[in-house]
Structures are given as structure tokens and as C-alpha cells.
Amino acid sequence: MQSANAKRILLVDDDLPRCGLITRVLAGSGYVVHAAHTGERALDLVSREPTPDLVLMDVVLPGISGIEACRQIGERARKRSTPVLLMSGCAIGSIEQAEGLEAGAVGYVAWPISARELKARVSAALGTNQRPQSEHTPDLSPRQLEVVAWIAEGLATKEIAVKLGITVRTAETHRAAILRRLGLRSSSLLVRYAIERGITPNTLGLQ
């Protein structure tokens, strides 16, 4: 049974049978699920109030792709960022994952997937959206803020990967995407950026 405080998930997928299956799994776990079948429709729904707590979006969609829709969701975000979890029924290589992460996605879901793993990944992705995004960091996703915080703490890429439960290559991709997005040329400038804005593991509630 859904509570008044149930998390809202926007599911974006043009595969109707899969969309119905995912909706049943997530609704059965207490989430409020709304469906859209194109990236354009997803952008329209994300811009409305109340905004979804998570967007679960297929990469291959009619019209604009899931990756492009993810990028536009990030560009439209202001004080509160909506995490996007990308989904693909095709093989997901490092290049494809890098494109999604650079677009602002918090992760990938490979289809087919068990109901248990789907719920676990959705729960983990929602965990990145527990904090309001600072008005001083409008261009960074919640995951990217976590990477910045650990960089400011002096952790190496491998250590950051362990902290966040991601691969070293994914951590490196996040670092590069952050530098590009902020227009910074080095990690030392990124550390200064974090210090000036108070972005630390403690302020983000990280352990």
C-alpha cells in the first residue's frame, strides 16, 4: 500500500510489456510510478510539480534518446536535481556507460534484470537524492557532488571508486565530466572549488 510520502518514479520506456512489468514490480514495493513513452514527454513531466524523485529511462526511445533527455533534465535542474537511472536492453560497454554518466545519469540498469536487483538499484539511486542541491552547484548531479567531496578530501580515484561502489573507470569518467562541466583544468582547481562552496563528505552526509 502506498503512503502519502511514497517516492515518485517516472518510468520512460516505449516497450509497453516491459513498462507494465516494471510498473508492477515498483508499485508493489510502494513507489508511485508514472509512465512516459518518449523522451519529449519525460521532459514535460519532469518540468511539472511535483517533480519525480527518480527517472528510470530507457536509452533507446523514439524521438530524442534517453541520454539526450537525461542531459536536458540536468540542464533544467536548479536547486533540486532529479537523478536519472538509464536502462538498456543492449550490451552496455564502457563507452556507452561513459556517455550516460557524462550526460548526468547516476547509473545504468541492464535488461533483463531480476525484480530484486531492480528494486535494489532503484533504492540506491533514490539514495542520491536525499539532499537538496546547493544553489552554488547547479551543474552537478548528486553523484558528481559526492565525487567532488571525496576529491576535496584528498582521495585518489581508486579510493573514490571503493567509497562509492563504482569501478575506477567510472570514477575517472565522473572526474573528467565534472572538470568539463565546471570549466576547470585541474583537480587542484576542483579542490579549491569544493572548499569555497563547502562541499565535503561531512556536509553531504557521506561516511
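Which residue is the bridge partner of Val12 in E2? The bridge partner is Ala36. The views below are taken from a predicted model.

**View 1. The open sheet and the order of its strands.**
The sheet is built from 5 strands, arranged as E2-E1-E3-E4-E5 and paired in parallel. Strand E2 (32–36) and strand E5 (107–110) are at the edges, and each has a single partner strand, so one side of each has no neighbour in the sheet. On average, neighbouring strands are turned by 25° against each other, with direction ignored.

**View 2. Strand E1 and its pairing with E2 and E3.**
Strand E1 covers residues 8–12, and strand E3 covers residues 54–58. The two run parallel and are joined by 4 bridges. Within this pairing, Leu10 lies opposite Val55 of E3, and Leu11 lies opposite Leu56 of E3. E1 also pairs with E2 in the parallel sense, over 5 bridges, and it is here that Val12 meets its bridge partner Ala36. Of the 5 residues of E1, 4 are buried, so the strand is largely enclosed by the rest of the structure. In a regular strand, side chains alternate between the two faces of the sheet.

**View 3. The β-α-β unit of E1, H1 and E2.**
Helix H1 (residues 16–27) belongs to a β-α-β unit together with E1 and E2. The unit is right-handed.

**View 4. Helix H5 across the sheet.**
Helix H5, residues 115–126, lies across four named strands: E1, E3, strand E4 (84–88) and E5. H5 runs at about 130° to E3.

**View 5. The buried face of helix H2.**
Helix H2 spans residues 39–46. Its buried residues are Gly39, Ala42, Leu43, Leu45 and Val46. Viewed down the axis of H2, these buried residues fall within an arc of 165°, and therefore line one face of the helix.

**View 6. Gly104 in the loop before E5.**
Gly104 sits in the loop between helix H4 (94–102) and E5. Its relative accessibility is 13%, so Gly104 counts as buried, the cut-off being under 20%. Leaving aside residues up to four places away in sequence, Gly104 touches Cys70, Ser141 and Arg181. Glu75 is 29 residues from Gly104 in sequence, and the C-alpha to C-alpha distance between the two is 9.2 Å.

**View 7. Thr173 in helix H8.**
Thr173 is part of helix H8, which comprises residues 168–182. At 12% relative accessibility, Thr173 counts as buried. Apart from residues up to four places away in sequence, Thr173 touches Ala98, Leu101 and Glu102.

**View 8. Confidence along the chain.**
The chain has a mean pLDDT of 82, and 87% of its residues reach 70 or more. Confidence is highest in E1, at a mean of 94, and lowest in H4, at 75. Over residues 128–136 the pLDDT is below 50. Beyond near neighbours in sequence, this stretch has 24 contacts in the model.

Note on methods: Residues are numbered from 1 along each chain as its sequence is written. This is a predicted model: local features need pLDDT of at least 70, side-chain atom pairs count only at pLDDT 80 or more; totals for chains, interfaces and linings use all residues. Side-chain values use heavy atoms; hydrogens and water are left out. Two strands pair if DSSP finds at least two bridges between them. Axes are lines fitted to C-alpha atoms, for helices over the stretch in contact, and angles run from 0 to 180 degrees between N-to-C directions. Contact means heavy atoms within 4.5 Å. Buried means under 20% relative accessible area, exposed over 50%, partly exposed in between (1.4 Å probe, protein chains only). A crossover is right-handed if, with the strands pointing away from the viewer, the path from the first strand over the helix to the second runs clockwise. The arc is that of the directions from the helix axis to the C-beta atoms. pLDDT is the predictor's confidence in each residue, from 0 to 100.
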